[in-house]
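The following exercises are to be worked with the sequence and the coordinates at hand. Each consists of a task and a solution in steps.

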Amino acid sequence: MTSTDTVHFRYSQAIWVAAVIAFISALPLASAGWYFTPVLLIPLLIGIWAWRAGTDADRAGMKVRALFGQRLIPWHEVVQLGVDDRRRVIAFLTGGQVVSLPAVPADGLHRLVAASGQHLLGTDDQAPSTAQ
């Protein structure tokens with residue numbers, strides 16, 4: 001499996017930039033007293049989350065990444081992919097679990113399915129070609 005076969009979904013880098021600006025802006029408050037230093041953790045954690053969180057998909061499955069962990073979901077465990085009320089893609093798994101796929105927008109569903117080597121039903125003429 002090469003890196004070109006993997007589809008990466010990430011949040012906007014503007015979140016990471018905003019977290020860096022917020023961290024720098026919080027430095028004067030943190031320097032006012034040691035008890036204000038935990039304020040620096042908020043933009044730091046948001047920045048780490050924005051850098052890490054997302055979904056990677058290839059023919060083997062999906063890797064769902066969060067702030068502190070990740071989870072590999074093989075395609076054979078996915079019963080159905082859908083879109084929730086907030087236009088985010090969710091996966092229904094064989095055990096009855098529902099997993100929200102971070103950073104995957106509703107219009108990215110066709111790219112996610114194409115990474116699995118499959119195609120969306122009823123969209124054969126609209127799906128982009130994945131042959132190389």
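**Exercise 1. Geometry of helix 1**

Task: Determine at which residue helix 1 bends, by about how many degrees, and which proline follows.

Solution.
- Step 1. The model is a predicted one, and the axis of helix 1 bends by about 30 degrees at S25.
- Step 2. Within four residues of that position comes a proline, P28.
- Step 3. The overall span can then be compared with expectation: the 19 residues of helix 1 (residues 13–31) reach 28 Å from the first C-alpha to the last, close to the 27 Å expected at 1.5 Å a residue.
- Step 4. At the start of the helix, a side-chain oxygen of S12 comes to within 3.1 Å of the backbone nitrogen of A14.

**Exercise 2. The buried residues of helix 1**

Task: Identify the buried residues of helix 1 and name a helix that contributes to their cover.

Solution.
- Step 1. With buried taken as under 20% relative accessible area, helix 1 has the buried residues A19, A26 and A30.
- Step 2. Their cover includes helix 2 (41–52).
- Step 3. For the protein as a whole, 34% of the 132 residues are buried.

**Exercise 3. Strand order and pairing**

Task: Establish the order of the strands in the open sheet and the sense of their pairing, and state which strands stand at the edges.

Solution.
- Step 1. The protein contains 3 helices and 7 strands, arranged along the sequence as β-α-α-β-β-β-β-β-β-α.
- Step 2. An open sheet is built from 3 strands in the order 5-6-7, with antiparallel pairing.
- Step 3. Strand 5 (78–83) and strand 7 (98–105) each have a single partner strand and therefore stand at the edges, one side of each being left without a neighbour in the sheet.
- Step 4. On average, neighbouring strands of this sheet are turned by 25 degrees against each other, direction ignored.
- Step 5. The bridges can be counted for each pair: strand 5 and strand 6 are joined antiparallel by 5 bridges, while 4 bridges connect strand 6 (residues 88–93) with strand 7, again antiparallel.
- Step 6. F92 serves as a reference point in strand 6, being the bridge partner of Q80 and standing opposite V98 in strand 7.

**Exercise 4. The two hairpins**

Task: For each hairpin, find which residue takes a positive phi.

Solution.
- Step 1. Between strand 5 and strand 6 there are 4 residues, and in this hairpin R87 has a positive phi near 65 degrees.
- Step 2. The hairpin of strand 6 and strand 7 also has 4 residues between its strands. In its turn, G96 adopts a positive phi of about 90 degrees.

**Exercise 5. The surroundings of H8**

Task: Is H8 buried, partly exposed or exposed, and which residues does H8 touch?

Solution.
- Step 1. H8 belongs to strand 1 (residues 7–10).
- Step 2. Its relative accessibility is 45%, so H8 counts as partly exposed.
- Step 3. Leaving aside residues up to four places away in sequence, H8 touches T55, D56 and R111.
- Step 4. With D56 there is a polar contact between the two side chains, at 2.9 Å.
- Step 5. H8 and A103 lie 95 residues apart in sequence, yet their C-alpha atoms are 9.2 Å apart in space.
- Step 6. Among contacts in the protein with a separation of 6 or more, 42% join residues 24 or more positions apart.

Conventions. Residues are numbered from 1 along each chain as its sequence is written. This is a predicted model: local features need pLDDT of at least 70, side-chain atom pairs count only at pLDDT 80 or more; totals for chains, interfaces and linings use all residues. Side-chain values use heavy atoms; hydrogens and water are left out. The expected span of a helix is 1.5 Å times one less than its number of residues. The bend at a residue is the angle between axes fitted to the seven residues ending there and the seven starting there. Buried means under 20% relative accessible area, exposed over 50%, partly exposed in between (1.4 Å probe, protein chains only). Contact means heavy atoms within 4.5 Å. A polar contact is a pair of N or O atoms within 3.5 Å; within protein, one must be able to donate a hydrogen and the other to accept it, and residues adjacent in sequence count only if both atoms are side-chain atoms. Two strands pair if DSSP finds at least two bridges between them. Axes are lines fitted to C-alpha atoms, for helices over the stretch in contact, and angles run from 0 to 180 degrees between N-to-C directions.
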